[in-house]
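Open the model in your viewer and keep the sequence panel visible. The tour goes from selection to selection, with a note on what to look for at each stop.

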Amino acid sequence: MPKPPRVRRGAKPKLRTDGGVLERLRDHLERLGLTELDQHLDAHLAWAHEHKPDPLVLLERVFGDGAQRVRQRRVERRIDTSGLKLRKTLEAFDWAFQKNLNRALIENLATLVFVDNHEDLLITGKSGTGKSHILQALALRACEREIRVRYTRCVDLIDDLYAGLADRTYDVRLRKWARAEWLVIDDVGLGQLRRRDDEPTAAHMLFNLLDTRHEQAPTALTSNIKLSEWGKYLGDATLAAAILDRLAQTSIRIDIDGPSYRDFLAKRRAKDHGIVDDAA
Ligand SMILES: Nc1ncnc2c1ncn2[C@@H]1O[C@H](COP(=O)(O)OP(=O)(O)OP(=O)(O)O)[C@@H](O)[C@H]1O
Ligand SMILES: [Mg+2]
């Protein structure tokens, strides 16, 4: 006697209009662990009914759709674990506003070949010129390519390493940052770094990290202070020079020489509200 089909908990009973084929198909999908495909089966069958495709086309559509969902979930996981808080895109970047910026160069960077080639990237420029926007957009692209990106503001990275000194997990934390397939350190020069005489300087920690990654794994940074001011900001001129020396060897350098987009937005808002800017 044939075995009765397995009844899934919560499954709606189906009419046996197809000689049980549909039930068996659902059973196969469940056994194969393809429950998500099962959820979209009705839509695929309706499409097939309407378009009467070649069987190969139908199979490709069904599995292609499933594969795309799996991929999208993996990308979302990558974004979640990357540390990116904002999803900036190059599509949303106003190129006409930042006239001196080489658009072709940035779009070429968006292919991420430089990440594959383990090249570093250093973007400098005044506040509001779009450094973080561009880097965050590149980091998002990298997540979409399923590259294991770790994005952090410099100040948060240094805070994390100081916390490691306090709870004796410094080595573990350093390794975690060092292991990132692509490390993105935003806003060097922004935010107050901790400074205590009995602890290593921020320069020491950043040097340790970047020296570990040097020529082995790519790192990208942005900074709105002059490179000559890194020593003062990080608390050790010699180590800051050593960091910059390594970056000079392996990095693509971009300096954004232009106006602040924040400033532009503020002026536009003021204008929209009928406020006259006396300083202008
Ligand atoms: N050309 C642009 N087109 C569209 N939005 C822009 C552009 N430039 C900057 N922005 C937006 O303006 C804001 C400030 O830009 P961003 O944070 O990239 O500046 P920044 O150069 O990193 O400044 P800071 O040095 O202060 O960190 C962000 O919301 C960003 O999305
Ligand atoms: Mg920034």
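**Leu-112 and Lys-52**

Select Leu-112, which at 1% relative accessibility counts as buried. The coordinates you are looking at are a predicted model. Leu-112 is in the loop between H5 and helix H6 (113-116). Check its backbone: phi is positive, about 65°, although Leu-112 is not a glycine.

Now go to Lys-52, another residue that is not a glycine and yet has a positive phi, here about 45°. Its place is the loop between helix H3 (41-51) and H4. Is Lys-52 buried or exposed? With a relative accessible area of 63%, Lys-52 is exposed, since the cut-off for that class is over 50%.

**The aromatic pairs**

Display the rings of the aromatic side chains next. A pair of aromatic rings is described by the distance of the centres and the angle of the planes. The structure holds five aromatic pairs. One of them is formed by Phe-97 and Tyr-261, whose ring centres are 4.9 Å apart with the planes at 90°, so this pair is edge-to-face.

Which parts of the chain does the pair tie together? Phe-97 is in the loop between helix H4 (55-82) and helix H5 (103-109), and Tyr-261 belongs to helix H13 (residues 261-272), so the contact joins parts that are 164 residues apart in sequence. Phe-97 is buried, at a relative accessible area of 17%, while Tyr-261 is partly exposed, at 30%. Add Phe-264 to the selection: ring pairs link Phe-97, Tyr-261 and Phe-264 into a cluster.

**Charges over rings**

Select Trp-47 and Arg-61 together. Arg-61 lies over the face of Trp-47, at 3.8 Å from the ring centre. Then move to Trp-177, where the charged end of Arg-150 sits over the ring, 4.1 Å from its centre.

**The largest pocket**

Turn on a surface and look for the largest pocket, with a volume of about 560 Å³. To centre the view, select Lys-88, Gly-130, Ser-132, His-133 and Arg-262, which are the closest to the pocket centre of the 26 residues that line it.

Colour by secondary structure at this point. Helix H7 (131-144), strand E2 (149-153), strand E3 (182-188), strand E4 (219-223) and H13 each supply at least two residues of the pocket lining. Which element gives the largest share? That is H7, with four residues. By type, the lining of the largest pocket divides into seven nonpolar, eleven polar and eight charged residues.

**The cavity**

Rolling a probe the size of a water molecule over the atoms shows where empty space is left. How many cavities of 30 Å³ or more does a search of the whole structure find? The search finds one, and its volume is about 60 Å³.

To display the lining, select Asp-120, Leu-210, Arg-213, His-214, Ala-217, Thr-219, Ile-243, Arg-246 and Leu-247. Helix H10 (202-213) and helix H12 (237-250) each contribute at least two residues to this lining, and H12 has the largest share, three residues. Four of the lining residues are nonpolar, two are polar and three are charged.

**The cysteines**

A disulfide is a covalent bond between the sulfur atoms of two cysteines. A search of the whole structure finds zero disulfides. Select Cys-143 and Cys-154 and draw a distance between their sulfur atoms. Why is there no bond at Cys-143? The closest cysteine sulfur, in Cys-154, is 20 Å away, which is too far, as a disulfide needs the sulfurs within 2.5 Å. Cys-154 is likewise in no disulfide, the nearest cysteine sulfur being that of Cys-143.

Cys-143 is buried, with a relative accessible area of 0%. Cys-154 also counts as buried, at 0% relative accessibility.

**Last stop: Asp-186**

Finish on strand E3, where Asp-186 is found. Is Asp-186 buried or exposed? At 0% relative accessibility, Asp-186 counts as buried. For a final distance, pick the C-alpha atoms of Asp-186 and Leu-105: the two residues are 81 residues apart along the chain, and these atoms are separated by 19 Å.

Terms used: Residues numbered from 1 in each chain as written. Chains lettered and ligands numbered in written order. Predicted model: local features only at pLDDT ≥ 70, side-chain atom pairs only at ≥ 80, totals over all residues. Heavy atoms only, no water. Phe/Tyr/Trp six-rings, centres within 6.5 Å; stacked < 30°, edge-to-face > 60°. Buried < 20%, exposed > 50% of the residue type's maximum accessible area, 1.4 Å probe, protein only. Lys NZ or Arg CZ within 6 Å of the ring centre and 35° of its normal. 1 Å grid on protein atoms, 1.4 Å probe; cavity = no way out; pocket = protein on both sides within 12 Å on 5 of 7 lines; lining within 4 Å. Points joined across faces, edges and corners; volume = space filled by probe spheres on them. Nonpolar A, V, L, I, M, F, W, Y, C, P; charged D, E, K, R; others polar.
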